[in-house]
Amino acid sequence: MTELNHCPAPAKLNLFLHVNGRRADGYHLLQTVFQLIDHGDTLHFTLRDDTVLRRVTDMPGVPEQSDLMIRAATLLQAEVLRRTGVLPRGVDIAIDKVLPMGGGVGGGSSDAATTLMALNKLWNAGLSKQELMDLGLPLGADIPFFIFGETAFAEGVGEALQPVQAPDCWYVVIEPGVMVPTAAIFGSEQLTRDTPVVNIADFSSHSRIAGFGKNDLQQVATKLFPPVAEAVEWLGAYGDARMTGSGACVFSAVASEDDADAVLEKVPAKWKAWKAKALQQHPIIAKL
Ligand SMILES: C[C@](O)(CO)[C@H](O)COP(=O)(O)OP(=O)(O)OC[C@H]1O[C@@H](n2ccc(N)nc2=O)[C@H](O)[C@@H]1O
Ligand SMILES: Nc1ncnc2c1ncn2[C@@H]1O[C@H](COP(=O)(O)OP(=O)(O)OP(=O)(O)O)[C@@H](O)[C@H]1O
């Protein structure tokens, strides 16, 4: 095998996100449900004759060497060298980028996770799922979840995961058109960090599609970025509208694709908006 094309890197939504505390290193202790959805980037990998790792698609604002796909590939290439004494062949990585950056839908993390899973296969590297998750964590708190590959309840900084059955529904997602820097939201003095720990069984037994818990980052993000507040208010007329991750995207659950289309028709033209179906499993699993 010399290439792996059309590898999906789906988005996630944080159905709720509670900040329960802060560790000594400044990272925050969270409880969240990561919902996989069927909307995302698509990556293509082609082995090279040398050992160079290259991104062959331009991505404005993200230099090649700081791209999470290249950083993930570099980590895995070094790990394979350490284990086998042989440096794996280089790779050209192309990407059809559709996910908004700084959108809270995990785009960069998902791209990195798909890169680790695809190259593990292409290089016959043989790392276990847990080993790939451990390798990815320093690059981004959401990367272990995407490698875990199932809609999940997460604790810790996002790395302690257990599968959870999420509602079988559709989502409408609005991009408010701003990039929210995650570190600024977590660093805010206004952030509350004392939400009591919940029992995930209470989420699982919650029969309605909307409304368990809250997103503790939302209050800070909406104050700093008024377009996020505006999107929450607009979408709130159609259901329980909430921000995902540290923002900026805002989502609401709907029962069917028709219901999603009905809301999308009314979204003001100034915002980009899309629909997505809830997924239980990462779509790359069927491919690898
Ligand atoms: C908030 C979430 O979107 C939930 O899905 C993610 O955990 C954020 O993941 P991410 O964008 O990949 O963020 P990272 O690159 O890991 O971290 C960016 C910054 O956010 C802060 N951060 C992140 C995750 C966490 N549990 N506690 C934090 O305090 C840290 O200041 C960190 O430097
Ligand atoms: N392949 C990539 N795709 C998107 N962003 C990347 C990539 N590589 C590096 N980045 C950097 O990571 C930053 C965060 O991007 P990302 O799309 O992951 O944000 P996000 O959706 O807010 O993530 P999260 O939900 O994990 O907070 C970008 O602003 C960009 O500078």
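Select β2 (28–47) and strand β5 (residues 152–155). In this predicted model, the two strands run antiparallel, joined by three bridges. Now pick T32 and look across to β5: the residue standing opposite is A154.

**Step along to β6**

Keep A154 selected and add strand β6 (residues 160–163). β5 and β6 are also antiparallel, and four bridges pair them. Here the bridge partner of A154 is L161. A154 therefore makes a good anchor for the view: T32 lies opposite, and L161 in β6 is its bridge partner. Next, show the turn. β5 and β6 form a hairpin, with four residues between the strands. Click on G156 in that turn: its phi is positive, about 70°.

**Ligand 1**

Move to ligand 1 and display its surroundings. Which residues are closest to ligand 1? They are H28, G140, A141, F186 and G245, out of 19 that surround the ligand. Colour β1 (3–22), β2 (28–47) and α5 (182–187). Each of these elements supplies at least two residues of the shell. β2, where the tour began, is one of them.

Now colour the shell by residue class. Seven residues are nonpolar, eleven are polar and one is charged. Then colour by domain. Domain 1 (3–163) and domain 2 (170–279) each give at least three residues to the shell around ligand 1.

**Ligand 2**

Centre on ligand 2. Its surroundings comprise 19 residues, and those that come nearest are L68, G107, G108, D111 and G245. Two elements give two or more residues to this shell: α1 (68–84) and α2 (107–122). Which element gives the largest share? Select α2, which contributes four residues.

Repeat the colouring by class. The shell around ligand 2 holds five nonpolar, eleven polar and three charged residues. Domain 1 (3–163) and domain 2 (170–279) again each provide at least three residues.

Leave G245 on display. G245 is among the residues nearest to ligand 2, and G245 is also among the closest to ligand 1.

**An annotated span**

Finish by selecting residues 71–149. An unreviewed UniProt entry lists this range as "domain: GHMP kinase N-terminal". Draw a distance between the C-alpha atoms at its two ends: they lie 20 Å apart. Switch to a cartoon view for the make-up of the span, which is 56% helix and 8% strand.

Technical notes:
Residues are numbered from 1 along each chain as its sequence is written. Chains are lettered from A and ligands numbered from 1 in the order in which they are written. This is a predicted model: local features need pLDDT of at least 70, side-chain atom pairs count only at pLDDT 80 or more; totals for chains, interfaces and linings use all residues. A residue is near a molecule or strand if its C-beta atom, placed from the backbone, lies within 6 Å of it. Ala, Val, Leu, Ile, Met, Phe, Trp, Tyr, Cys and Pro count as nonpolar, Asp, Glu, Lys and Arg as charged, and the others, Gly among them, as polar. Domain bounds come from an automatic or database domain assignment. UniProt positions are given in the numbering used here, feature names are shortened, and annotations may be inferred rather than shown by experiment. Two strands pair if DSSP finds at least two bridges between them.
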